[in-house]
Structure formats: C-alpha cells, structure tokens
Amino acid sequence: MHFFTDTSFNGGTRMSKRQLKSRIEDLYGRLDDENERREELLFKLSQTERAIERWQSLLADMEALLK
C-alpha cells in the first residue's frame, strides 16, 4: 500500500507505511547521535573555558608578583 507522498523530498515516489516508519526511526537515530555529539562538545567547551579561567588567574597572580 503506497499512500504517503512527499513530492518535494523524494521526487514524487510514494512511500509505504513501513518505509515511512523506517525513515522516521533512522532520523530519530541520527538526532540521538547528534545530541550525543553536542553534549560531548559542550563538555569539552566547558573544560576549555575552565582552563582559560585558570590561565588568566595564573597570569594575574604572576603580574601581581612582578609589581
């Protein structure tokens, strides 16, 4: 049974319910992967920001010692 059509996406071919569900599951899987990657990148960013803050603090302490 072919009754789902998205002419702008798949060139006018019809998709069965099974194909449509499979496509949706694939897209959800990709979203999950992207969300995991996003979380990893946000964690690395927070680590980098903390390292920068420590470095700036160290520089400020060294400048204070020089005066």
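## A partly exposed leucine

L59 is partly exposed, with a relative accessible area of 36%. The residue is found in helix α2. The model is a predicted one.

L59 also belongs to a nonpolar patch on the surface, which it forms with W55, L58 and M62. Together these residues have about 410 Å² of accessible area. A residue needs over 30% relative accessible area to be part of a patch, and L59 passes that cut-off because its value is 36%.

## Overall layout

The protein has two helices and two strands. Read from the N terminus, the order of the elements is β-α-β-α. Helix α2, where L59 is found, covers residues 17-66.

## Surface and burial

The protein has 67 residues, and buried ones make up 4% of them. About 6500 Å² of the protein is exposed. Carbon and sulfur atoms supply 55% of that area.

## A negative patch

A second kind of patch involves charge. D32, D33, E34, E36 and E40 form a negative patch on the surface. Among them, D32 has its place in helix α2.

Is D32 buried or partly exposed? With a relative accessible area of 46%, D32 is partly exposed. The cut-off for patch residues is over 30%, so D32 meets that condition with its 46%.

Methods
Residues are numbered from 1 along each chain as its sequence is written. This is a predicted model: local features need pLDDT of at least 70, side-chain atom pairs count only at pLDDT 80 or more; totals for chains, interfaces and linings use all residues. Side-chain values use heavy atoms; hydrogens and water are left out. Helices (H or I, at least four residues) and strands (E, at least two) are DSSP runs, numbered from the N terminus. Buried means under 20% relative accessible area, exposed over 50%, partly exposed in between (1.4 Å probe, protein chains only). Accessible areas come from the Shrake-Rupley method with a 1.4 Å probe; for residues, only the protein chains shown count as cover. Patches are made of residues with over 30% relative accessible area and no salt bridge: like charges are joined within 9 Å, nonpolar side chains (Val, Leu, Ile, Met, Phe, Trp, Tyr) within 5 Å. A salt bridge is a side-chain nitrogen of Lys or Arg within 4 Å of a carboxyl oxygen of Asp or Glu. Lys and Arg count as positive and Asp and Glu as negative; His and the chain ends are not counted. The place of a charge is taken as NZ of Lys, CZ of Arg, CG of Asp or CD of Glu.
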